[in-house]
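Trainee: I'd like a close look at a single part of this protein. Please set the scene briefly, then take me through that part.

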Amino acid sequence: MDEIKLLERLKSELSEDRYLHSIGAMESAGDLAILNGVDVRRARIAALLHDCAKELSIEKMLIMAHRYKVAIDEVSMWETVLIHGPLGAKIAEHQYCVNDHEILDAIECHTTGKKNMTKLDKIIYISDYIEPYRDFEGVNELRRMAMEDLDAAVKFALDFTISDLLNTGRLIHPRTLEARNHMMILISMDKAISAQCLKTHSFAPFSVFITSA
Ligand SMILES: [Fe+2]
Ligand SMILES: [Fe+2]
């Protein structure tokens, strides 16, 4: 299904607010894809469909989860909003004819994040936060961060989510914690490698001097 047909179908199935949110996420994902060397078409389609299951009633979600064999873990049983990620991937596959597994994976993990997210996963995760219709304290700072450093923005958004869940006394999905810890390790490793490179570089002239002496 091409982008125009997807837009038409989503418009008929989602509320106006959800449709605008999906369009906004699509625009943000397209921009981030260009900045991060990711296929723009893939990013736009994944963002457009990321919430295709969000407005289903809980009864319908459970029926469809059973039909498409979506496993519902203990945390998602209590925080049923989390089901729309994995179920959305199945609906995108079976009802919107998406067979690109990178797109389906990005839709699947957009609510919780996960360990070892791909660039596309990260783009969809953060586009959901920063799309132009979002309005919360700090959103402009997060938009700027996302345009400059995708990993830093994803880690910031995961921290924000975890802190909000703690403050409101809600369950935290283990995949969110795994995602946050993994991003923190990744960023720390990048910093350590950069520091090592700088150190090596600063000693380079001295090494050349020793070698040639
Ligand atoms: Fe969502
Ligand atoms: Fe969303």
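Trainee: How many helices and strands are there in the protein chain? And which residues of helix 8 are buried?

Mentor: Start with the whole. This is a predicted model. The protein chain has eleven helices and zero strands. Its mean pLDDT is 93, and 94% of residues reach 70 or more. Be careful with residues 204–213, where pLDDT stays under 50. The model gives that stretch zero contacts beyond four places in sequence. The C-alpha atoms fill a box of roughly 75 × 40 × 35 Å along the principal axes. Of the 213 residues, 34% are buried. Among contacts with a separation of 6 or more, 61% join residues 24 or more positions apart.

Now helix 8. It covers residues 119–130. Check its length first. Twelve residues at 1.5 Å each should span 16 Å, because the expected span counts one less than the number of residues. The end C-alpha atoms of helix 8 are 16 Å apart, so the two values agree.

Next, burial. Eleven of the twelve residues in helix 8 are buried. They are L120, D121, K122, I123, I124, Y125, I126, S127, D128, Y129 and I130. Note that D121, K122 and D128 are on that list. For a residue to count as buried, 20 or more other C-beta atoms must lie within 10 Å of its own.

What do these buried residues pack against? Their partners are helix 2 (16–36), helix 3 (40–49), helix 7 (101–108), helix 9 (139–148) and helix 10 (150–167).

Then look at the nonpolar core. The largest one has 45 residues. Helix 8 supplies its largest share, seven residues. I123 and I126 are among the residues with the most contacts inside this core, together with A29, A43, A46 and L49. Take A46 as one example. Beyond its neighbours within four places in sequence, A46 is in contact with L120 and I124. It also contacts A29, I103, A106 and I107.

Finally, step just ahead of helix 8. N116 sits in the loop between helix 7 and helix 8. N116 has a positive phi of about 60 degrees, although it is not a glycine. Most residues other than glycine have a negative phi. N116 counts as exposed, with 9 C-beta neighbours inside 10 Å. C97 also has a positive phi of about 60 degrees and is not a glycine. C97 lies in the loop between helix 6 (84–95) and helix 7. C97 is exposed, with 10 other C-beta atoms within 10 Å.

How values were computed. Residues are numbered from 1 along each chain as its sequence is written. Chains are lettered from A and ligands numbered from 1 in the order in which they are written. This is a predicted model: local features need pLDDT of at least 70, side-chain atom pairs count only at pLDDT 80 or more; totals for chains, interfaces and linings use all residues. pLDDT is the predictor's confidence in each residue, from 0 to 100. Two residues are in contact if their C-beta atoms, placed from the backbone, lie within 7 Å. Helices (H or I, at least four residues) and strands (E, at least two) are DSSP runs, numbered from the N terminus. A nonpolar core is a set of buried Ala, Val, Leu, Ile, Met, Phe, Trp, Tyr and Cys residues joined through C-beta atoms within 7 Å.
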